Amino acid sequence: EIILEAPLIDIEISQDGQLNLAALGGPHAGANPPQAETPTATPRVSIRDLHITRGTIKFNDHRAGYKNEFDDLSFKLSSLSTFDEAKGPYDLSARTPGGATLRWKGAASITPLAAAGTLALEHSALPELQPFIKPFINAAVTDGRANLELPYQFALSGGKPELKVSGGKFSVEALALTAAGADAPLFKLGSLALDDIRLDLAARTLHVGSVRIDAPELKARRDENGEIDLGKLLVPRPQEPPSAPWQIKVTSVELAQGALAFDDRVSGLAPALKDIALKLGDLTSDFAQPLPFELSATLAGGGSLSSSGKIAPGGAVDAKISGNAIALTPLQPMLARYANVALASGEAAFSGSLKTGQKTAALVYTGGASINNMQLNDPTGVALIGWKSIATTTLRAQAGPTLRSEEHTSELQSH
C-alpha cells in the first residue's frame, strides 16, 4: 500500500519545447537514447492500493504563455500488476482555481497496456485557453464554459495506440468572442451541445449523433473601404502536408433563436435577422452528397423568410423559398443616395423555387412576387406615387455575373 499526502508536481515546457520532467530520465532524456542490445523484460510490479490526497499539479507552457493548476487532487488505484492481465480500477478527481472539475475513472492494465473508463471535465473556463486560441483567430474568448465527457477504450497494439470513444458529450455555455480592439463581442452563443460522439483513431472516423446550437448572435460590419471585419478574424496558417483523410458524419444539426446583424457602411444599410431556425441532416465529409436543410427567420425591420431543400457543398441548390410582409422602409438609406425621395411604406412578398441553372452556376428564381402598400413621398412628406399591390405569378430572375429577370403577367391595384 502506498499513500501520498499533498504531493506537488510542477510541469513546465520551455520556450524551445523542453519538458522539465524529462530530466528525470537521465542525461539522455529528450534525446535519442542508446539502443539496448537485447529487449528489456517488463518489470515485475504489483500495487495493491495507491492513494493520493490533497495533491497539486502546476502547469506552465512558456511557448503558449499558458499557466494553470489542478488542486485538491485525489487519486485511487487498486490491484495493478504486471503478473497478469487483470485490470485495476482507478479514480482521479481534481479542480482548478477557475472552478473546473476533472474526473477520471476506469480500469487499467500494464501487460498488455490498456485502459477503459470515462474522462470528464466540467465547467472549464474557456478564457483560460486563450493562449492556445490566439494563433488561430484575431479575437479573444471573453466568456464561456465547457463540459466534456468521454467514455473511452485505449490499448497499445503492435506498438500503435488504439483509441475509441463511444457515447461522448461536449457542451459550451455563454460563449463570447470579441475581436481585437473591439469593445463588444462580435459573436455570442447561448449554448452548444454535441451528443453521441463516437471516434475511432485507428480507422480515422468521427461520428456525432446530434449538434444543438441555441441563441447564437453574430454581428458583422463592412467599413467605408468595403472591408468586412470577419475577413480579418482568421489568422493565416501555413499549409500542412497532406495526411490520410478523416471520415466525418453528423446525423443532425439544429439551430434555434439565432440572430445576425450586418452594418454596411458602404450602402448605409443595416439588415438584421432574428429568430433564426436551421435544421441540417446527414452532414458528412463526402462533399458529393447534397445536404438537406430547413431555414426560417424574422427580419428585424418586419417580415419573415423561409426556405427548405437541398444544397451541395459544390454550390448546387434545389430549394423552395418564400418571404412574407418584408418591410421595404429599411432600404431608405440606400435609396436616398440616388433620389431625393422618402420611402414612406412598402412591403414585399414572394414564393417560388430557387435552383442553380443547368448550364451555369447562376441562381435562378422562378415563382411569384409582389410589392404591396407602396408609397413614395417628397422631402416635405407629400405623396408622389403609390399603389396597393403590384404582383406577378410568373417571375423568373437569374443572379449571376449580371442580374436578369423576366415576367409574363402582372397585376396592378391602385389605392
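## A tour of the strands and rings

In the hairpin of β8 and β9, Gly158 takes a positive phi near 60 degrees, and 2 residues sit between the strands. Select that glycine to begin. What you have open is a predicted model, so treat each stop as a look at a prediction.

**Around the hairpin.** Now select residues 139-157, which make up β8, and residues 160-179, which make up β9; these strands are antiparallel and share 15 bridges. For a spot to zoom in on, pick Asn147: its opposite number in β9 is Ser171. Keep β9 displayed and add residues 187-200. That is β10, antiparallel to β9 and joined to it by 10 bridges. Which residue of β10 stands opposite Glu173? Click across and you'll land on Ser191.

**Zoom out for a moment.** Show the whole chain. It has 2 helices and 21 strands. Of its 415 residues, 27% are buried. If you turn on a surface, you're looking at about 25700 Å² of exposed area, with 58% of it supplied by carbon and sulfur atoms. Contacts are worth a thought too: take those between residues at least 6 apart in sequence, and 51% of them join residues at least 24 apart.

**A serine under cover.** Next, select Ser124, which you'll find in β7, residues 114-125. Is Ser124 buried or exposed? With a relative accessible area of 11%, Ser124 is buried, because anything under 20% counts that way. Leave aside residues up to four places away in sequence, and what Ser124 touches is Ala100, Gly144, Arg145 and Ala146. Show those four as sticks to see the contacts.

**On to the rings.** Colour the aromatics, since the structure holds 4 aromatic pairs. Start with Tyr66 and Phe132: their centres are 4.9 Å apart and their planes make an angle of 55 degrees, a tilted pair. Tyr66 belongs to β4 (residues 66-81) and Phe132 to helix α1 (residues 130-133), so this pair ties together parts 66 residues apart in sequence. Tyr66 is buried at 11% relative accessibility, whereas Phe132, at 36%, is partly exposed.

The other pair to pick out is Tyr90 with Trp104, which is edge-to-face, with 5.5 Å from centre to centre and 75 degrees between the planes. Here the link runs from β5 (residues 88-95), home of Tyr90, to β6 (residues 101-109), home of Trp104, so parts 14 residues apart in sequence are tied together. Tyr90 is buried, its relative accessible area being 8%; Trp104 has 34% and counts as partly exposed.

Before you leave the rings, add Phe59 to your selection. Together with Tyr66 and Phe132, Phe59 forms one aromatic cluster.

**Further along the chain.** Jump to residues 272-284 and 291-299. These are β13 and β14, an antiparallel pair with 6 bridges, and the hairpin that joins them runs through 6 residues. Select Lys274 and look across to Thr298, its bridge partner in β14.

Then extend the selection to residues 304-311, strand β15, which runs antiparallel to β14 and is joined to it by 8 bridges. Glu294 is a handy marker here, as it stands opposite Ser308 in β15.

**Last stop.** Which glycine takes a positive phi in the hairpin of β14 and β15? Click on Gly302, where phi is near 125 degrees; this hairpin has 4 residues between the strands.

Terms used
Residues numbered from 1 in each chain as written. Predicted model: local features only at pLDDT ≥ 70, side-chain atom pairs only at ≥ 80, totals over all residues. Heavy atoms only, no water. Buried < 20%, exposed > 50% of the residue type's maximum accessible area, 1.4 Å probe, protein only. Contact = heavy atoms within 4.5 Å. Areas by Shrake-Rupley, 256 points an atom, 1.4 Å probe, with all protein chains shown as cover. Pairing = 2+ DSSP bridges. Phe/Tyr/Trp six-rings, centres within 6.5 Å; stacked < 30°, edge-to-face > 60°.
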